[in-house]
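I'm opening my notebook on this one and jotting down what I look up as I go. The plan is to start with one sheet and then see how the parts of the chain meet.

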Amino acid sequence: MKYALFPGCASKGATPELYTSTMKVVGRLGLDIVELEAFNCCGAGVISEADPDLAYTLNARTLATAEKMGINNVMTICGTCQGILGGANKNLQEDDALRDRINRALKDATGLEYHGTVEVKHLQWILVKDFGLDELSKFITHPLNVSIAPFYGCYILRPSRATGFDDWENPTSLEKLIRAVGAYPVEYDGRTKCCGFPVLLEKDQIALSMVAKNVGEAKEKGSDAMVTPCPLCHMSLDIYQDRAEDRLQQTRPDETLGVPILHLPQLLGLAMGFSPKELGMKRHLVSTAPLIEKIQ
C-alpha cells in the first residue's frame, strides 16, 4: 500500500526530530511513502474559526494533490493534522454542495479538483491496522522494558465520526504499540485529555495547570516517559513542563515533574535499535538521558 506523507508544519519547523525519526522508522519498515511536496498547513482548527471555506479549500488542495499523484491514502504524523485534515476530508466526501463550492474556489486558485477518493490515516493507525502488530514485532530488536504513559491528545480521537479508528473514550491503539516495543503502558486519566496547547496564548496559567496535572499524574503512576502522536502535544508537555512545575510548586513545594516526552516514532525507533542521536532526542527540553540510561 502506498501513502502520500503529509508532514505538517511542526515536523518541518518546531519539532524536526519528529520528521527525522519518522523517516528512519518508515524506511526500516519498508513502508511505501511518497512525501507531498506541495502542501499547506491544515489550519490547526484556527483558520476555520475565521474563514471555514478557506480552511476547507486549503485542506482540499492537499487531498487533491494526493489524488493527482494517484495515491489513495494520506499519512499524517500529527494528531492535530489527523483531526483537521481527516475531518475536512470526511465532510467534503459526505456533503456534495460543500464539495462543489470548495472545488470552485480550488479550481480558480490552483487548477486542482478534489474528488473525495482518499483516506487520511495517522501513522499510529497505519502501524496497528494496515501494517499490523505481528509484522511490526519482527523489527523490534531492542525491547524497551520501561513504563510509558500514552498521551493521545484531542484531535486524533475527536470528532469520532471523522476519525473512526479508536474509541475516543477508551482508546487502545497507543497502548498496543507500547506493548509491541516491549514497554508497559501506564493507565491514567489524563491520557485522553487536552494538553493545553490551544489555550497557551490566551490563558497560559490554565494551560500550565493542565500540563502539570497530566504530567504529574503520569509520573505518580510510575511512568518513565510519556509518548504522544501529536507534535503540538509534545511541545506543550515538553517545552512548558518547567513552567508547569513552577506553577505546581506554588501549592506543592516538594513536587517535581521531569518526565521525558517522546514522539511516537522515537519510541518505535529506540526499540528498532536506532540511537538517541539518530532520533533527535537531544532536541528535547526535558532531558531524555535518564530514560536512555534505564533502557540501555
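**Notebook: a sheet, then two domains**

Entry 1. I started with strand E5, and I found three bridges joining E5 to strand E7 (residues 225-228), the two running parallel. A note to self before going on: this is a predicted model.

Entry 2. I wanted one actual pair from that match, so I picked Ile148. Its bridge partner in E7 is Ala225.

Entry 3. Next I checked the link from E5 to strand E6. E5 covers residues 147-150 and E6 covers residues 184-185, and two bridges join them, again in parallel. Ile148 turns up here too, standing opposite Pro185 in E6. I've now written Ile148 down with Ala225 in E7 and with Pro185 in E6.

Entry 4. In what order do the strands of the open sheet come? I read off E6-E5-E7-E8, four strands with parallel pairing. The edges are E6 and strand E8 (261-263), and each of these pairs on one side only. A reminder from class: strands of a sheet pair through backbone hydrogen bonds, and the pairing can be parallel or antiparallel.

Entry 5. I zoomed out to the whole chain. It splits into domain 1 (2-123) and domain 2 (133-295). I looked up the spacing as well, and the C-alpha centres of the two domains lie 24 Å apart.

Entry 6. How many residues of each domain are in contact with the other? I got 29 residues from domain 1 and 24 from domain 2. Another class reminder: people often give the size of an interface as the accessible area lost when the parts come together. For this pair of domains the buried area is about 2,400 Å², and carbon and sulfur atoms give 70% of it.

Entry 7. I then hunted for salt bridges across the interface of domain 1 and domain 2, and the rule finds one. I also looked up Glu17, which forms a salt bridge with Arg283, with the closest N and O atoms 2.9 Å apart. For polar contacts between the domains, the count is five residue pairs.

Entry 8. Last, I looked at the side of domain 1 that touches domain 2. The elements giving two or more residues to that side are helix H1 (16-29) and helix H4 (79-94). Sorted by type, the residues of that side come out as eleven nonpolar, 13 polar and five charged.

How values were computed: Residues are numbered from 1 along each chain as its sequence is written. This is a predicted model: local features need pLDDT of at least 70, side-chain atom pairs count only at pLDDT 80 or more; totals for chains, interfaces and linings use all residues. Side-chain values use heavy atoms; hydrogens and water are left out. Domain bounds come from an automatic or database domain assignment. Contact means heavy atoms within 4.5 Å. Buried area is the accessible area (1.4 Å probe) that two parts lose on being put together, summed over both. A salt bridge is a side-chain nitrogen of Lys or Arg within 4 Å of a carboxyl oxygen of Asp or Glu. A polar contact is a pair of N or O atoms within 3.5 Å; within protein, one must be able to donate a hydrogen and the other to accept it, and residues adjacent in sequence count only if both atoms are side-chain atoms. Ala, Val, Leu, Ile, Met, Phe, Trp, Tyr, Cys and Pro count as nonpolar, Asp, Glu, Lys and Arg as charged, and the others, Gly among them, as polar. Two strands pair if DSSP finds at least two bridges between them.
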